[in-house]
Amino acid sequence: MTYDLCIKLIAKENTQVISAVAGTSGIQSVTYTSGGNTGDAANLVEAILLAKSKIAEATDYEADCVIINPADVFTLMTSKDINGQYLGGGYFTGAYGNGEYVAPATIWGLPVFESSAVTAGQPLVAAGKLGIKVYRKGDINVKIFDQNEDDALYNIVTVLGEERLLVAVKEPKAVVKVSKA
């Protein structure tokens, strides 16, 4: 039971950290157009590359992650070229039947982190290891109560899990929000 609570707490923590970073004022932005000759997926991937280069130009850091909504990953994975071939490789093999299927671990060499905390169509590209810092006060604190009011009458256990942290974007230009124009 404690393990499940910790997993839920970590998922909530990730959501809060991503939301805090995305809502920071002063972060850079890149826009891309929807549709057109190349389609949403190609435009999105090009915008991610532009965001990566904007971080390198504006800071001494290099981008080290892309945080993207699962719906955007689906769009990228199901994008096809004019021959009907999946751009990222098929569901059994790599692109055009070459090699093995590999889940999208990177885009432009940046590790991909899927999170529904990011709005679909608006991934974040960041130099997270150097530009973003999460400060913790203490560890995860889990308390279990079995004698709270009428818990004993109904065979219930009350569990409280909490942690204290602060998210600081040390270098706002080390984060780029990508969005549709």
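Here's a quick briefing on the sheet, the main pocket and the confidence of this structure. Keep in mind that this is a predicted model. Its centrepiece for our tour is an open sheet of six strands with mixed pairing, and we'll then turn to the largest pocket, which has a volume of about 490 Å³.

**The sheet**
- Reading across the sheet, the strand order is 1-8-5-2-4-3.
- Strand 1 (28-32) and strand 3 (106-107) sit at the edges with a single partner strand each, so one side of each has no neighbour in the sheet.
- Helix 3 (residues 70-77) packs on the sheet, where it touches strand 2 (65-68), strand 3 and strand 4 (110-114).
- The direction of helix 3 makes about 105 degrees with that of strand 2.
- Strand 1 runs parallel to its partner, strand 8 (residues 175-180), and five bridges link the pair.
- For a spot to look at, try Val30, whose bridge partner in strand 8 is Val178.

**The largest pocket**
- The lining has 18 residues, and the closest to the pocket's centre are Val17, Ile18, Cys65, Ile67 and Phe113.
- Helix 1 (2-22) gives the largest share of that lining, with five residues.
- Other elements giving two or more residues include strand 2, strand 4, strand 5 (124-126), helix 4 (128-131) and strand 6 (132-145).
- By type, the lining splits into 10 nonpolar, three polar and five charged residues.

**Confidence**
- The average pLDDT for the protein is 83, and 92% of the residues score at least 70.
- Strand 5 comes out highest, at 94, while helix 5 (residues 151-154) is lowest, at a mean of 79.
- As a rule of thumb, predicted coordinates shouldn't be read in detail where pLDDT is low.

Key: Residues numbered from 1 in each chain as written. Predicted model: local features only at pLDDT ≥ 70, side-chain atom pairs only at ≥ 80, totals over all residues. Heavy atoms only, no water. Pairing = 2+ DSSP bridges. Helix = DSSP H or I, 4+ residues; strand = E, 2+ residues; numbered from the N terminus. Contact = heavy atoms within 4.5 Å. Axes fitted to C-alpha atoms, helices over the stretch in contact; angles between N-to-C directions. 1 Å grid on protein atoms, 1.4 Å probe; cavity = no way out; pocket = protein on both sides within 12 Å on 5 of 7 lines; lining within 4 Å. Points joined across faces, edges and corners; volume = space filled by probe spheres on them. Nonpolar A, V, L, I, M, F, W, Y, C, P; charged D, E, K, R; others polar. pLDDT = per-residue confidence, 0-100.
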